[in-house]
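Please open the structure in your viewer and keep the selection panel at hand, because each stop below asks you to pick something new.

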Amino acid sequence: MRLRILGASGGIGAGARTTSFLLGRDVLIDAGTGVGDLSLDELGAIDHVVLTHSHLDHVTALPFLLDAVGASRQRPVTVHAQAATLDVLKAHIFNNAVWPDFARIPSPERPFLRYEVFAAGQERVLGGCRVRSIPVTHVVPAVGFLFQGPNGSLAFSGDTASTEEFWKVLNSCPDLRHLIIETSFVDAEEEIARIARHFCPATVVAELRKLKRRPIIHITHLMPGEEKEILREIAHHDAGLEVHPLVPGTVIEF
Ligand SMILES: [Zn+2]
Ligand SMILES: [Zn+2]
């Protein structure tokens with residue numbers, strides 16, 4: 001499997017793009033602003049969008065994606081997420097006020113968009129890859145994912161604070177090769193991180209100590225302008241693991 005990083009920042013500005021990864025050619029993991037760099041052909045090839053949660057930095061490109069390619073596609077794009085996340089999309093985005101209800105447009109029989117509940121704890125095969133949804137701890141219902149490729153597994157935390165089930169699943173995964181995990185704030189902002197249910201370097205390293213596997217760690221969702229300091233603080237706390245910043249354009253094979 002190939003995971004192409006389109007966006008891996010906590011915000012925008014100076015080239016930063018918010019969370020979005022392309023799994024193979026046809027599965028989009030979160031729909032942050034990084035999606036805007038894809039060509040129309042690449043956008044048109046996306047059959048499935050899998051969402052960690054409803055926050056705007058993870059869903060903002062979805063309305064534009066459907067607008068750009070809906071008419072030229074032969075079938076709807078399927079959005080997979082927890083019921084609570086889908087309810088937010090229906091009520092607050094595709095509500096014919098903020099954006100058209102593409103689950104009924106251009107017609108209820110041939111819409112641009114289809115919703116499919118992907119509950120926490122469930123597994124399904126998307127684009128030839130087995131995907132498991134794992135509940136995590138955030139200010140809105142949120143999940144991370146475990147992707148099982150032919151040469152190992154890759155986990156993605158989504159947005160989270162201290163969590164348990166995620167580590168239980170990862171510790172029972174014998175071939176975990178990569179972990180993409182968020183660290184949104186510097187240690188000086190630990191209180192903001194706690195309220196917003198994100199990690200800062202001290203708390204992410206405490207979490208990584210729960211991990212019994214030794215995957216390559218990719219840090220994502222760093223606040224723009226604070227990247228160097230966040231990475232310096234993570235190195236200072238020393239998780240005893242190989243840690244890299246996640247950079248758009250990177251392709252992770254697994
Ligand atoms: Zn969030
Ligand atoms: Zn986020």
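**Stop one: the metal site**

Begin by selecting His 53 and His 138, both of which are buried in what is a predicted model. Next show the zinc ion (ligand 1), and you will find it coordinated by His 53 (NE2), His 55 (ND1), His 138 (NE2) and Asp 159 (OD), at 2.1 to 2.4 Å. The angles that these four donor atoms subtend around the zinc ion (ligand 1) run from 89 to 164 degrees, which makes the arrangement irregular. Now add the zinc ion (ligand 2), which is 3.5 Å from the zinc ion (ligand 1), with Asp 159 coordinating both. Colour the chain by secondary structure to see that His 53 lies in the loop between strand 4 (48-50) and helix 2 (56-59), while His 138 lies in the loop between strand 8 (129-136) and strand 9 (142-149), so the pair ties together parts that are 85 residues apart in sequence.

**Stop two: aromatic rings**

The count of aromatic pairs comes to seven. One of them is Phe 145 with Phe 147, a tilted pair at 5.9 Å centre to centre and with 45 degrees between the planes, and both of these residues are buried. Then select Phe 166 and Trp 167, which form an edge-to-face pair, 5.3 Å centre to centre and with 80 degrees between the planes; Phe 166 and Trp 167 are both buried. Showing Phe 94, Phe 102 and Phe 112 together brings up one aromatic cluster.

**Stop three: charges over rings**

Finally, select Lys 90 with Tyr 115, where the charged end of Lys 90 sits over the ring, 4.9 Å from its centre. With Arg 124 and Phe 118 selected, the charged end of Arg 124 appears over the ring of Phe 118, 4.2 Å from its centre.

How values were computed. Residues numbered from 1 in each chain as written. Chains lettered and ligands numbered in written order. Predicted model: local features only at pLDDT ≥ 70, side-chain atom pairs only at ≥ 80, totals over all residues. Heavy atoms only, no water. Phe/Tyr/Trp six-rings, centres within 6.5 Å; stacked < 30°, edge-to-face > 60°. Buried < 20%, exposed > 50% of the residue type's maximum accessible area, 1.4 Å probe, protein only. Lys NZ or Arg CZ within 6 Å of the ring centre and 35° of its normal. Donors = N, O, S within 2.8 Å, 3.2 Å for Na, K, Ca; no water. Tetrahedral: all angles 85-135°; square planar, octahedral: opposite > 155°, others 65-115°. Helix = DSSP H or I, 4+ residues; strand = E, 2+ residues; numbered from the N terminus.
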